[in-house]
Amino acid sequence: MTPSPFASSERFPEAAAPLEEACAPLPRDVGAALRFALSRRPVEDGRPVLLALSRAWLGEYGRPYAAGLAGPPPILVRAATAAEVLWALEQGLRSGAVSLALGAVGDATLAQSRRLEFAARHGAAVGVTLSRTLEGLSAARRRWRVSTLVGTGDVDDPRAPGPARLGVELVRGRGERPGAWILEQDDETHRLRLADRLAGVRPAAIAGTGARAGLAA
């Protein structure tokens, strides 16, 4: 049996950096990448979330399920081009009015990602860009590869699918070692948490989506 790549002994970086990147290597992973990106929102930050998505992205993957996100209603920007997505992200982050701003920016340049990082620091917010590859340079402090994983099933009902699971790999972290972890959605808090690695161990919630229902792309 091939050992799982998601078995890092490194501590999961719970606090988000001003700018991070979440890569979905396959179309089926886009929902997991979006779920992970939303989880990088600081738990106690009551400001709304900004989603900047192009019409092409929405046409391919669908509109995120806003009712699954706790807190104020999210702000959805339907942009015509990648340039408009970048502009909306930068303005939203710089304004200080949002806790998290995420968007599918395509192949952003190093200069463009630096502007996003500066804007996030200025607005005391978190920015997350969604991508399909990790090629090229980026100012993102952390670059993640996010994959959809098969659930382990429900211990009380073998016919039930069990908690949603995703694998996250820290491919690049400024001043941090790469690592890989399995995250799952807690049935009670609806937040992402580290998946149980030992029987009887219940990890604490690590992410702040606070969803009342699942998030779907």
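Which residue in S8 does Leu166 stand opposite? The residue is Leu183, and the pairing appears in Figure 4 of this set of legends for a predicted model.

**Figure 1. Overview of the predicted chain.** The protein chain holds four helices and nine strands. Read along the sequence, these elements follow the pattern β-α-β-α-β-α-β-α-β-β-β-β-β. Of the 217 residues in the chain, 47% are buried. Among contacts with a separation of 6 or more, 68% are between residues 24 or more positions apart.

**Figure 2. The largest pocket and its lining.** The volume of the largest pocket is about 480 Å³. Its lining is made of 31 residues, and those closest to the centre are Val105, Gly106, Asp107, Leu130 and Ser131. At least two lining residues come from each of strand S1 (19-23), helix H1 (30-39), helix H2 (55-61), helix H3 (82-95), helix H4 (110-122) and strand S5 (126-131). Sorted by class, the lining has 16 nonpolar, nine polar and six charged residues.

**Figure 3. The largest nonpolar core, with helix H1 and Phe36.** This core has 30 residues, and Phe36, Trp57, Leu102, Val146 and Val168 have the most contacts inside it. Elements that each supply at least two core residues include strand S2 (49-54), strand S4 (100-104), strand S6 (142-149), strand S7 (165-173) and strand S8 (179-185). H1 gives the most, with seven residues. Nine of the 10 residues in H1 are buried, among them Val30, Leu34, Phe36 and Leu38. Arg35 and Ser39 of H1 are also buried. Not counting residues up to four places away in sequence, Phe36 touches Phe12, Ala22, Trp144, Val146, Leu166, Val168, Leu183 and Leu192. A second, separate core has 17 residues, including Leu19, Val98, Ala119 and Ala125. In soluble globular proteins, nonpolar side chains tend to be buried together.

**Figure 4. Strand S8 and its two hairpins.** S7 and S8 pair in the antiparallel sense over six bridges, with Leu166 opposite Leu183 in S8. Five residues lie between S7 and S8 in their hairpin, and Gly175 in the turn has a positive phi of about 75°. S8 is also joined by three bridges to strand S9 (residues 192-194), and these two strands run antiparallel. Here Leu183 stands opposite Leu194 in S9. The hairpin of S8 and S9 has six residues between the strands, and His190 in that turn has a positive phi of about 60°. Seven of the seven residues in S8 are buried. Gly179, Trp181, Leu183 and Gln185 point one way from S8, whereas Ala180, Ile182 and Glu184 point the other way.

**Figure 5. Pro48 in the loop between H1 and S2.** Is Pro48 buried or exposed? Pro48 counts as buried because its relative accessibility is 18%, and the cut-off for buried is under 20%. Leaving aside neighbours within four places in sequence, Pro48 is in contact with Pro72, Pro73, Ile75, Ala97, Val98, Ser99 and Leu100. One of these contacts, Val98, is included in the second core of 17 residues. The C-alpha atoms of Pro48 and Ala70 are separated by 9.2 Å, and these two residues are 22 residues apart along the chain.

Definitions and conventions: Residues numbered from 1 in each chain as written. Predicted model: local features only at pLDDT ≥ 70, side-chain atom pairs only at ≥ 80, totals over all residues. Heavy atoms only, no water. 1 Å grid on protein atoms, 1.4 Å probe; cavity = no way out; pocket = protein on both sides within 12 Å on 5 of 7 lines; lining within 4 Å. Points joined across faces, edges and corners; volume = space filled by probe spheres on them. Nonpolar A, V, L, I, M, F, W, Y, C, P; charged D, E, K, R; others polar. Core = buried A, V, L, I, M, F, W, Y, C linked by side-chain atoms within 4.5 Å. Buried < 20%, exposed > 50% of the residue type's maximum accessible area, 1.4 Å probe, protein only. Contact = heavy atoms within 4.5 Å. Pairing = 2+ DSSP bridges.
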